[in-house]
Amino acid sequence: MCGVFGYIGEKNAVDVCLSGLEQLEYRGYDSTGIAGVHQGTISFCKKAGKLSELKKVIQMQPLSLAIAHTRWATHGKVSDQNAHPQFDEKGSVALIHNGIIENYNVLKEELRTQGVRFASETDSEVIAQLIAKYYQGDFLEAFHKTLSRLKGIFALLAIHKNHPDEIVASALHCPLAIAINEQGTETILSSDPCTLIGDNYNVIFLQSGESAKIQKGKVSLYGKSLEQIDKKSTRIEGSSQKPSKGSFEHFMIKEIFEQPLTIQKASLNIEHRMAPTFELFRDASRVLFLGCGTSAHAGQIGTLFLEDFVGIPAISEIASEARYRVSLMEPTTLCIAMSQSGETADTLSALRAVQSHGCKTIAICNSLNSTLAREADTMIFLQAGPEISVCSTKAFTSQIATLALLGIRLGKERKTLSLKEEEQLLQALERIPSEVQCVLDQASWIEKMAQKYADFNNFFFMGRRYMFPTALESALKLKEISYVNANGYPAGELKHGPLALLDAQFPVIAFCANLATEEKIVSNLMEVKARGAPILAIAPHHLTSVKEIADDVIWVPDTLDPLAPFASTVVGQLFAYFFAKTRGCAIDQPRNLAKSVTVE
Ligand code: F6R
């Protein structure tokens, strides 16, 4: 993970870097740091903890060039020493790194035997030390020699005290954008173009193995064999403002409340946006959904849509496991990669694996300029707007709205849905934003429920059919921001072992909004009740019998089974939010996590 950022231009680079780090903090918030060259020495400040900690202590003189980093720890604990920038032992080189150097141990040993002393536990420090070792007056040459020794994945920026006017950079399987403003007066290097604010920019995305030397108003690019290359730039409008919480206390609750709108936006102009995917479906014998976490849960719902509306065999696989399941990767397998960020390393690796077996790929993604969007054969853009809270909410409902529309459209084309079924589904889908609004209107009741259950430390979330991925997603929300043990289960599976855990201290949250399996979930509730576990049911209005069984009920609007995940998921999101708030957890930036997971 980690975010790298660099600036050369007319403004004070320290201020620009601090502002860039604010935008990149979603990529990790274990530590932050900034470095530049001042009067022939490296000037820097770095600090363990969130950016706010760095801001408390930073006292750097204004600079015209600087590099900056926000860390999600991989190698070495969270400490000032392990924060980036990392340096060579003489302090000539400052380096920031996103990624992992797999052969760092070998390189470290080699340097140690030559007498080099290391100051940190990071894998990244070897890169700075190697650059210094190879340096004989030509910084770029030393950098290139170093690159040839590295195994792993990286986006790197480095500066040298003898070269106060240049930043060298390289990327291997990690995103790195170089943006030059229209006047050519400022150059920004960043892990994510979301940091571009105000101006319009010409942006070059470094491809794997490429490197660059950046000087004021000048960018020199190099290919894999270090030959000088030209690359086309993409014009990107910098956003007019930084993301803000508005009147909300946290980004998570703001993003939950945006959903009536973002679900609508996911369907805007959808026929046109989906059109390039139809061709790919024509030759597909089956569909493989790839994703991680919340995006994998959206893929699970996608499999049900495709099977129910279109009759195409579909499976969903966790991206980090999919790449080993080579038998799934026939050229007629169509792969749909789900990702909010479009930068998740596991999803990208799985995508590349299926592509290497000749499969066509579709990305469903919330970032237009992401690596996934660029590497897939085609993409459907979610248009949900930036999702800042680490805990994903609105991206999920936009993903399933998109998948529902895709399924309905394909069902129409293949005549696997009758005209009546298609109309019923489309009408029900149109009602979803107002049904989600109904759930949001019950926020204070859901908050009461969350407060009532906030002392428990173990939960089962259960559901059947469409409510099973919904239960998985809601359990993930709770565990990730509250640090309690919450497991999603298919309701029918509880009796095959997990039921043994239940007692009065182990509540079950039951998702009941799947008409086709209603009687069965009611029986499962009875089984849970017989073991004395408290039950909180999330049930559709018509299922009044639940009142007699569950201790508490949160009601959701009646809808068709395939569309029930929307309202029920929003209940799960609000429950997790208020639960975490009651327990005083860091909601938008939960411990140990980062928004964009760029390492495998
Ligand atoms: C959970 C969450 C994560 C992400 C996962 C994939 O709330 O945010 O589980 O869903 O890391 O991220 P993307 O969708 O960006 O590929």
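## Around Gln-505

Gln-505 touches Phe-456 and Asn-458, if you skip residues up to four places away in sequence. This is a predicted model, so read these contacts as features of a prediction. Gln-505 sits in the loop that runs between β22 (485-490) and β23 (508-511).

Is Gln-505 buried or exposed? Its relative accessibility is 53%, and the cut-off for exposed is over 50%, so Gln-505 counts as exposed. Another residue to look at here is Asp-455: Gln-505 and Asp-455 are 50 residues apart in sequence, with 9.4 Å from C-alpha to C-alpha.

## Domains

The domain assignment splits the chain into domain 1 (3-229), domain 2 (250-437) and domain 3 (442-587). Take the centres over C-alpha atoms, and domain 1 and domain 3 come out 45 Å apart.

## The eight-stranded sheet

One open sheet has 8 strands, and if you want to trace it on screen, the order is β3-β2-β4-β1-β10-β9-β11-β15, with antiparallel pairing. The edges belong to β3 (41-48) and β15 (234-237); each has a single partner strand, so one side of each has no neighbour in the sheet. On average, neighbouring strands of this sheet are turned by 20° against each other, direction ignored.

Zoom in on one pair from that order: strand β9 (residues 177-181) and strand β11 (residues 200-205) run antiparallel and are joined by 5 bridges. Within this pair, Ala-179 stands opposite Val-203 in β11.

## Strand β6 and its partners

How many residues of strand β6 (residues 93-101) are buried? The count is 9 of its 9 residues, so β6 is mostly covered. One partner is strand β5 (residues 86-87), which pairs with β6 in the antiparallel sense over 2 bridges. Phe-87 stands opposite Ala-94 in β6. The hairpin of β5 and β6 has 5 residues between the strands, and there Gly-91 takes a positive phi near 70°.

Another partner is strand β7 (residues 152-160), which runs antiparallel to β6 and is joined to it by 9 bridges. If you want a register check, the bridge partner of Gly-99 in β7 is Phe-154.

## Ala-171 in β8

Phe-154 turns up again in the surroundings of Ala-171, a residue of strand β8 (residues 163-172). Ala-171 has a relative accessible area of 0%, so it is buried. Beyond residues up to four places away in sequence, Ala-171 touches Phe-154, Ala-155, Leu-176, Leu-206, Gln-207, Ser-208, Gly-209 and Glu-210.

For a longer-range reference, Ala-171 and Ala-66 are 105 residues apart in sequence, and their C-alpha atoms are 18 Å apart in space.

## Helix α7

In helix α7 (residues 259-267), the buried residues are Gln-259, Pro-260, Thr-262, Ile-263 and Ala-266. An α-helix has 3.6 residues a turn, so residues three or four places apart point the same way. Which elements cover the buried residues of α7? The cover includes α6 (251-257), α8 (270-282), α13 (394-414), α14 (419-441) and α19 (564-582). Just after α7, Asn-269 takes a positive phi of about 55°.

## The ligand site

There are 15 residues around the ligand, and of these Ser-295, Ser-339, Ser-341, Thr-344 and Glu-480 come nearest. Several polar distances help to place the ligand's oxygen atoms. A polar side-chain atom of Ser-339 lies 2.6 Å from an oxygen atom of the ligand. For Thr-344, an N or O atom in the side chain is 2.5 Å from an oxygen atom of the ligand. With Thr-294 the backbone is involved: one of its polar backbone atoms is 3.1 Å from an oxygen atom of the ligand.

## Asn-366

Ser-339 also appears among the contacts of Asn-366. Asn-366 is in the loop between β19 (360-365) and α12 (371-375). Why does this loop residue count as buried? Its relative accessible area is 8%, and buried means under 20%.

The side chain of Asn-366 reaches the backbone nitrogen of Ala-384 at 3.0 Å. Leaving aside neighbours within four places in sequence, Asn-366 is in contact with Ser-339, Gln-340, Phe-381, Leu-382, Gln-383, Ala-384, Gly-385 and Glu-387.

Conventions. Residues numbered from 1 in each chain as written. Predicted model: local features only at pLDDT ≥ 70, side-chain atom pairs only at ≥ 80, totals over all residues. Heavy atoms only, no water. Helix = DSSP H or I, 4+ residues; strand = E, 2+ residues; numbered from the N terminus. Buried < 20%, exposed > 50% of the residue type's maximum accessible area, 1.4 Å probe, protein only. Polar contact = N/O pair within 3.5 Å; in protein donor to acceptor, adjacent residues only side chain to side chain. Contact = heavy atoms within 4.5 Å. Domains from an automatic or database assignment. Pairing = 2+ DSSP bridges. Axes fitted to C-alpha atoms, helices over the stretch in contact; angles between N-to-C directions. Near = heavy atom within 4 Å.
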